[in-house]
Amino acid sequence: MKLYDSIGPNPHVVRMFIAEKGLSIPTITIDLLAGDNRKAPYSADINVAGQMPALVADDGSVICEISTICDYLEDIHPSPALIGTTPEQKAETRMWVRRMDLNICEPMINAFRAAEGRALFESRIKLVGAEGAADLKIIAKDRLHWLAAQLDGRTYVCGDRLTLADIHLYCFLAFGAEAGQDLTRETPWLKTWFDRIKARPSASA
Ligand SMILES: N[C@@H](CCC(=O)N[C@@H](CS)C(=O)NCC(=O)O)C(=O)O
């Protein structure tokens, strides 16, 4: 098995998940700043979407999209469970991951690409304009407030279970904090939760 890795929050999610699993997977680093992820051989042979990361399984299967990569790793290494051990636990984790990904992480990242990251991304993908970027930042913050209100009082997103949902949200908020969208202090619960996850050794993976 090998992981095609790079800078950025998506690869960070997978590295943190791997660290929490206690796994050691060899990595091949792709130079995202140089755009090597969008050139052959990576975009031709590994990830047709030209994005990072990608996992190559022992049988040569290529697995892309971070939630899918984490699902696969959980399937082959069920313990410790970071998605769940029952259908209900798995559904709960995936429900929160989907909510945070669609409603918070995507607008946050699309805003970053169109604003702070514009020079890097404008030759790669279609971007919204400056006003759109500002609106996306407002949407990400607004949805995060909604999420934080739902989770207030919980140790982890799924109660007493540390899951992919914590890892996913943490990695994106940590990225935002370094990239012009520091949302880590928006509510008292969020601050406490963020610092709790940040303290885990896996956070620096
Ligand atoms: N939906 C994809 C998103 C992957 C993604 O956006 N990766 C970023 C790194 S954080 C990337 O490859 N950016 C460089 C680019 O798009 O050229 C996933 O779940 O893996």
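**Close-up of Arg 99 in helix 4.** In this predicted model, Arg 99 has its place in helix 4, and with 18 other C-beta atoms within 10 Å it is partly exposed. The C-alpha atom of Arg 99 is separated by 10.0 Å from that of Leu 144, although the two residues lie 45 residues apart along the chain. Leu 144 is one of the buried residues of helix 6, and helix 4 (87-114) is included in what covers the buried residues of that helix.

**Close-up of helix 6, residues 130-151.** The 22 residues of helix 6 reach 32 Å from the first C-alpha to the last, close to the 32 Å expected at 1.5 Å a residue. Ala 133, Leu 136, Lys 137, Ala 140, Leu 144, Leu 147 and Leu 151 are buried in helix 6. Seen down the helix axis, these buried residues fall within an arc of 100°, so they line one face of helix 6. An α-helix has 3.6 residues a turn, so residues three or four places apart point the same way. The face of helix 6 turned away from the buried side carries the exposed residues Glu 131, Ile 138, Trp 146 and Ala 149, while helix 8 (188-198) is among the elements that cover its buried residues. Gly 153, which follows helix 6, has a positive phi near 95°.

**Close-up of helix 3, residues 66-76.** The buried residues of helix 3 are Ile 66, Ile 69, Cys 70, Leu 73 and Glu 74. Seen down the axis of helix 3, they fall within an arc of 135°, so they line one face of the helix. On the other side of helix 3, Thr 68, Asp 75 and Ile 76 are exposed. The cover over the buried residues of helix 3 includes helix 1 (9-21), strand 3 (54-56), strand 4 (62-64) and helix 7 (164-178).

**Close-up of the residues around the ligand.** Surrounding the ligand are Gly 8, Pro 9, Asn 10, Leu 32, Asn 37, Arg 38, Gln 51, Met 52, Glu 65, Ile 66 and Arg 124, a shell that divides into four nonpolar, four polar and three charged residues. Within this shell, Glu 65 has a positive phi of about 75° although it is not a glycine; Glu 65 is placed in the loop between strand 4 and helix 3 and, with 15 C-beta neighbours inside 10 Å, counts as partly exposed.

**Close-up of two cis peptide bonds.** One cis peptide bond joins Ala 40 and Pro 41, with omega about 10°, and Pro 41 has its place in the loop between strand 2 (27-29) and helix 2 (42-46). Another joins Met 52, a residue of the ligand shell, to Pro 53, with omega about 5°; Pro 53 lies in the loop between helix 2 and strand 3.

Key
Residues numbered from 1 in each chain as written. Predicted model: local features only at pLDDT ≥ 70, side-chain atom pairs only at ≥ 80, totals over all residues. Near = placed C-beta within 6 Å. Nonpolar A, V, L, I, M, F, W, Y, C, P; charged D, E, K, R; others polar. Helix = DSSP H or I, 4+ residues; strand = E, 2+ residues; numbered from the N terminus. Expected span 1.5 Å × (residues − 1). Buried ≥ 20, exposed ≤ 12 C-beta atoms within 10 Å, placed from the backbone. Arc of directions from axis to C-beta. Contact = placed C-beta atoms within 7 Å.
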